[in-house]
Amino acid sequence: MEVTNITEYQAIAKEKLPKMAYDYYASGAEDQWTLQENRYAFSKILFRPRILIDVTKIDMATTVLGFKISMPIMIAPTAFQKMAHPEGEYATARAASAAGTIMTLSSWATSSVEEVASTGPGIRFFQLYVYKDRNVVAQLVRRAERAGFKAIALTVDTPRLGRREADIKNRFTLPPFLTLKNFEGLDLGKMDEAADSGLASYVAGQIDRSLSWKDVKWLQTITKLPILVKGVLTAEDARLSVQAGAAGIIVSNHGARQLDYVPATIMALEEVVKAAQGRVPVFLDGGVRRGTDVFKALALGASGIFIGRPVVFSLAAEGEAGVRKVLQMLRDEFELTMALSGCRSLKEITRQHIMTEWDASGPLPAPRL
Ligand code: FNR
């Protein structure tokens, strides 16, 4: 049967993939409350469409950190894509560049920065996990720069790995034929088996729990690339991100895989946007599955969104063709949403085009600092 929306790839991936791989991709942390909420919260936002506007031409193009892309829909970093499909990150990179949008490559990719760059031209960001060994970090950032990556997405919500119970039950570890390709030459490319989640043990051993705001500054001393702080959920941290020199903020709860019972990202977005005061662009990821979700995020002030799981699920189902189809379906739905709301360009999408549950009860109280 024909796939008609991006969510349908999840069931196909579940059938095709070994249980350990599927569970790793699909899981959230603990009770998975935030995982559900990331989706459900979008359904609490409704449209206030405008009518009788000539929508013959719809322009979805935008600019992110000065780079022109065809639509405000980008690819979030997800680890171990070759576990979904033999072409893994290569397929994702090709699909993103064919769609004229940005791919973010995970630190924990199963293809290296150089390999992904070799797939051809494309605007790519590199997601960074900060290892205890800062020489490793400095080397990796330099390699990403040299390979033509245009920005660093610094993940700040993972001083320890969230408790994903399926991975613990499955004793999750990478299949033996795969490695964390970026770390292969550094002897950090293997994830050992552990009594619980192999990934959780790897993180505990290698990732720097002491990471703090001063390291955001330190990162700027070792690279000229703009830094996006990925994992902001509060106004307080939005302000600190701007002060620390971030070029942008990604409102993210890591696809609900870290701290459970944080709000859906779409609920946290407006507070962060207000705190950023237009000084840096604010992006969102988490639960975006429909063109209407993209529109809602933009109406609440996001400059663009990223998708995570739909990429690995469509990769598992159909490889590069699947990822292309995901991007195309989301683009088509978003274009239709714009037309039916009376918006011809992204700047015409305003807060007045939506209403939220919290609009009725008046503005949210200002956060206490
Ligand atoms: C992730 N995410 C993630 N984030 C990151 O900074 N580095 C990483 O290596 C990964 N790896 C990863 C693997 C898998 C399987 C998932 C599902 C997620 C988080 C990711 O970048 C993004 O924040 C979420 O996936 C967005 O939510 P959705 O679109 O999956 O709902």
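**Notebook: ligand site and cavity**

I started with the ligand contacts: an oxygen atom of the ligand is 2.6 Å from an N or O atom in the Thr155 side chain. A polar contact here is a pair of N or O atoms within 3.5 Å. Ser106 has a side-chain N or O atom 2.7 Å from a ligand oxygen. Gly287 uses a backbone N or O atom, 2.8 Å from an oxygen of the ligand. I then looked up burial: the protein covers 99% of the 600 Å² the ligand has accessible on its own (Shrake-Rupley, 1.4 Å probe).

Caveats for myself: this is a predicted model, with local features needing pLDDT of at least 70, side-chain atom pairs counted only at pLDDT 80 or more, and totals for chains, interfaces and linings using all residues. Numbering runs from 1 along each chain, and side-chain values use heavy atoms, without hydrogens or water.

Next, the shell: 22 residues surround the ligand, each with a heavy atom within 4 Å. Pro77, Asp285 and Arg289 are among the closest. By class I get seven nonpolar, 10 polar (Gly counts here) and five charged.

Then the cavity. I used a 1 Å grid over protein atoms alone, keeping points where a 1.4 Å probe fits but cannot get out. There is one cavity of 30 Å³ or more. The largest cavity holds about 380 Å³, and the ligand sits in it (more than half of its atoms within 2 Å of the grid points). Its lining has 31 residues, with His254, Gly255 and Arg257 among those nearest the centre; lining means an atom within 4 Å of a point.

Key
Polar contact = N/O pair within 3.5 Å; in protein donor to acceptor, adjacent residues only side chain to side chain. 1 Å grid on protein atoms, 1.4 Å probe; cavity = no way out; pocket = protein on both sides within 12 Å on 5 of 7 lines; lining within 4 Å. Points joined across faces, edges and corners; volume = space filled by probe spheres on them.
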